[in-house]
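Visitor: I should like to learn how the features of a structural model are read. Please take me through them in order.

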Amino acid sequence: MSRKLSACLLLFIVWTVFSFTHLVPPVLAAIAQPDLTPLTLEVLQQRLKSPIANEGIKVIDLQRLNIDLRPENAEFRDRFYDLLKTQLQRPGTPVGLDLSYSQIQGEFKISQLGLRAPLFGESLSPIFTPAEQEQLQRDRRRLSRLSTLSQSLLSTPNLGTQTAPLQITVFRGPLKLNQTRFLDLVDFTNTFFLNRVEAQGSQFTQGIDSTQTRFSQTTSFAGALFERDSRFRSNIFFGKAEFNQAQFWGPVTFQNTEFQATANFNLAVFQQPSNFMRVQWQGNADFARALWQADAVFTKSTFSKALFLPDAVFEKAALFRQTQFNKPVNMRGTSILEQADFSDAGFARGAYLNVPGLKFDSEQAKIVGDPGQIGRFISVPTLQGNENLLRELVRNFRRQEQIPDANQMDYTRQRLRLRELRQQLFGININTAPITQLQNLGFSQEQATAIAQRRAQLPFRSLTDLLSLAKVDIATYINVRDRVVAKEPVAPGRGVFNRILIGLDCIGLSLLLLLSHYGTRSWLIFGVGLITIAYFGVLFWFIDRSRRLTPKPILPTLAETLWMLAGFSTLFLLGLIAIFRNSDQPWLTLASLAAIDIPVPTILIALLYKAGRYHPLMDVSYFMEEGTLRQLRILVGRLPIIPRYQMFRERYIPILWNRRWNWLNYFDFSFNNLLRFGFNDIRLRDEHVPGLITALVWYQWAIGILYLALLFWTLSRTIPGLNLLIYFK
């Protein structure tokens with residue numbers, strides 16, 4: 001029993017040690033340092049005489065030391081800076097400084113160790129190598145242009161005064177501060193680091209001031225702990241900037257900073273407000289899995305490359321106001337607890353917010369942007385797994401009364417649904433496809449065999465299940481995912497029936513998307529109506545006025561023909577303008593409209609002229625008007641033919657052929673027949689009328705029923721007051 005107890009106790013100790021060494025944060029590991037040796041002048045002089053070699057560069061080794069630079073140790077502090085400065089500023093190959101694993105008490109000023117150099121003018125110390133002079137010159141040219149521009153903007157420049165030339169501290173060699181602990185303020189202000197800066201796991205207990213600092217090469221503060229204010233204002237990072245896993249316990253500012261290469265902030269933690277205003281991100285900005293416990297301010301920044309925010313968490317406001325995005329923003333899995341504000345943000349061509357898996361983790365969570373604009377820049381690639389997100393986005397914009405953006409999200413959801421239906425209709429089911437068919441799709445022999453073995457045991461429920469197979473790599477999955485589906489096997493007869501239903505759903509949904517933008521753009525549906533009215537108006541005029549050539553011609557006059565074509569062209573052009581301005585796929589919209597309007601009328605008219613017309617009343621119009629009143633009328637309930645009641649018929653008379661304005665009657669009838677609204681009540685007579693003409697009129701009347709339903713539905717979704725009444729009753 002005692003052996004078992006001892007074994008359990010030993011196992012517990014091993015588990016505890018393993019957990020502590022592997023699960024503690026890097027910062028705590030940095031704090032847990034061994035006893036440090038106090039740095040004395042003797043030790044310092046000894047280290048200065050014997051620098052170590054690191055990657056071909058001499059480095060002064062001051063590792064694992066306790067360095068006291070407090071005011072009460074002023075004599076040592078002055079000698080410390082003097083001795084180091086003499087060594088670091090020697091001509092020739094630059095010498096680096098390594099303070100890793102050390103503890104520094106008192107304020108640490110890098111300006112006491114670097115060389116002062118003017119920012120303007122042409123004189124540079126001969127101590128700099130040609131490569132170092134080139135690095136300094138590029139920053140001097142930039143500052144010179146900025147100074148000239150600022151002086152040119154002054155309304156009354158003072159020509160009688162001369163300002164002292166600006167200078168900057170230049171640190172030539174590499175600076176290593178890995179897991180260094182600073183107990184007081186670190187002053188890096190107005191410094192140009194010509195070599196790399198390494199500060200992984202460092203601890204800044206009283207903050208760091210790095211205002212107007214330049215980092216020429218790769219800079220790493222990975223895993224660093226900033227307990228107080230961190231000021232990186234107006235910095236320039238010419239090389240890659242590493243702040244991954246850094247923890248900012250105090251306020252941090254990168255305002256007016258420029259990152260010319262990749263900036264890595266993944267897994268960073270911001271406990272206090274972070275200021276990234278007016279930052280120029282010329283490389284990728286990576287904030288993957290970063291945590292903001294306070295406001296994140298990116299106002300007026302510019303992202304020239306991609307911004308990565310996957311699985312990031314914003315517990316407070318994320319402000320991207322007046323920010324310019326030139327590439328896509330990856331917000332996959334991002335969590336918003338308060339708000340993400342994109343007001344007045346600019347998106348270049350090809351830039352958008354990629355938000356699959358975006359989470360609204362509180363009732364107050366919302367996305368804010370310019371009404372009618374922000375919705376167009378939100379992208380969701382697939383419907384599967386994002387149904388709830390799309391509903392949340394619709395609800396988000398409806399709460400803010402941004403109806404166009406809510407409709408845009410609904411339109412996006414239906415487009416994804418249409419893509420999914422097409423994939424179900426034309427995609428290959430990986431649960432039933434033969435191995436040879438899988439190989440034709442792009443799977444290898446081994447991959448197809450692995451798929452067959454897996455589905456024999458357990459059918460695939462989603463395409464992502466393919467990635468669970470060791471044989472299927474991500475490249476193959478991306479290559480085939482748009483051509484395959486994962487469905488349960490069904491009986492052959494039932495499968496055909498399901499495909500018919502899916503096909504009908506595809507057709508109906510496609511028409512809703514193309515003809516009305518799924519009920520979200522009223523001007524688009526008005527454009528469709530104008531073209532339909534103009535088209536059928538011309539058809540009715542043609543069959544009514546062009547009846548025969550012999551023996552007695554019944555044809556329209558030239559003037560009437562010109563007026564009719566002019567009216568048709570005007571209505572048709574207005575409809576085209578509305579469609580091309582409001583449809584995402586205007587040519588497909590026109591093709592869909594043509595598929596509805598052209599085939600059936602063309603067949604009916606061809607049969608009509610093939611059979612000819614030999615009925616009575618050949619010299620009287622087929623169309624009759626209600627002659628007792630001339631006024632705008634809503635004719636929702638009326639049918640396109642005159643009633644049979646004799647006394648009611650007495651009010652109807654044929655439209656006049658011998659009037660200059662007669663061509664307007666045909667557009668009026670087409671308008672009545674489609675929209676049930678017009679200037680006069682014009683109907684088709686029911687005596688001596690070929691049945692083909694009656695069929696054509698009833699065909700437009702049936703289209704009008706569907707058009708009215710689509711029109712009212714669209715108006716209900718686009719008129720703000722009516723929209724709120726419907727969706728928030």
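The dialogue below moves from the chain as a whole to a helix, aromatic pairs, two loop and strand positions, and empty space.

Guide: This is a predicted model, in which local features need pLDDT of at least 70 and side-chain atom pairs count only at pLDDT 80 or more, whereas totals for chains, interfaces and linings use all residues. Residues are numbered from 1 along each chain as its sequence is written, and side-chain values use heavy atoms, with hydrogens and water left out.

Visitor: How many helices and strands does the chain have?

Guide: Helices (H or I, at least four residues) and strands (E, at least two) are DSSP runs, numbered from the N terminus. The chain has 19 helices and 52 strands.

Visitor: What percentage of the residues in the chain is buried?

Guide: A residue is called buried under 20% relative accessible area, exposed over 50% and partly exposed in between, with a 1.4 Å probe and protein chains only. Of the 729 residues in the chain, 49% are buried. Contact, for its part, means heavy atoms within 4.5 Å. Among contacts with a separation of 6 or more, 56% join residues 24 or more positions apart.

Visitor: How is the span of a helix checked, taking α17 as the case?

Guide: The expected span is 1.5 Å times one less than the number of residues. Helix α17 (residues 663-675) has 13 residues and should therefore span 18 Å; its end C-alpha atoms are 19 Å apart, which agrees.

Visitor: Is α17 mostly covered or mostly open, and what do its buried residues pack against?

Guide: Helix α17 is mostly covered, with 11 of its 13 residues buried. Among the buried residues are Trp663, Tyr666, Phe667, Phe669 and Leu674. The buried residues of α17 pack against the helices α12 (522-545), α13 (558-582) and α18 (691-718), and against the strands β48 (623-626), β51 (677-678) and β52 (682-684). Just after α17, arginine 676 takes a positive phi of about 60°.

Visitor: How should one read an aromatic pair?

Guide: A pair of aromatic rings is described by the distance of the centres and the angle of the planes. Rings of Phe, Tyr and Trp (its six-membered ring) pair if their centres lie within 6.5 Å; planes under 30 degrees apart count as stacked, over 60 as edge-to-face and the rest as tilted. The structure holds 68 aromatic pairs. In one of them, the ring centres of phenylalanine 193 and phenylalanine 215 are 5.3 Å apart and the planes are at 10°, so the pair is stacked. This pair links distant parts of the chain, with phenylalanine 193 in strand β13 (residues 191-193) and phenylalanine 215 in strand β17 (residues 214-215), 22 residues apart. Phenylalanine 193 is buried at a relative accessible area of 0%, and phenylalanine 215 is buried at 1%.

Phenylalanine 265 and phenylalanine 287 also form a stacked pair, 4.8 Å centre to centre with 10° between the planes. Phenylalanine 265 is in the loop between β26 and β27, and phenylalanine 287 is in the loop between β30 (285-286) and β31 (291-292), 22 residues apart.

Visitor: Where is asparagine 266 found, and which residues is it in contact with?

Guide: Asparagine 266 is found in the loop between β26 (263-264) and β27 (269-270). Asparagine 266 is buried, with a relative accessible area of 13%. Leaving aside neighbours within four places in sequence, asparagine 266 is in contact with Asn244, Gln245, Asp286, Phe287 and Ala288.

Visitor: Where does serine 220 lie, and is it buried or exposed?

Guide: Serine 220 lies in strand β18 (residues 219-220) and is buried, with a relative accessible area of 8%. Serine 220 and phenylalanine 243 are 23 residues apart in sequence and 6.3 Å apart in space, C-alpha to C-alpha.

Visitor: How is empty space located?

Guide: Rolling a probe the size of a water molecule over the atoms shows where empty space is left. On a 1 Å grid over the protein atoms alone, a cavity is a set of points where a 1.4 Å probe fits but cannot get out, and a pocket is an open set with protein on both sides within 12 Å along at least five of seven lines; lining residues have an atom within 4 Å of a point. Grid points are joined across faces, edges and corners, and a volume is the space filled by probe spheres set on the points. The largest pocket has a volume of about 780 Å³. Its lining has 28 residues, with Thr382, Leu383, Gln384, Leu463 and Tyr477 nearest the centre. Helix α7 gives the most to the lining of the largest pocket, with five residues.

Visitor: What is the volume of the largest cavity?

Guide: The largest cavity has a volume of about 70 Å³. The residues nearest its centre are Leu88, Leu113, Val170, Phe171 and Arg172, from a lining of 11.
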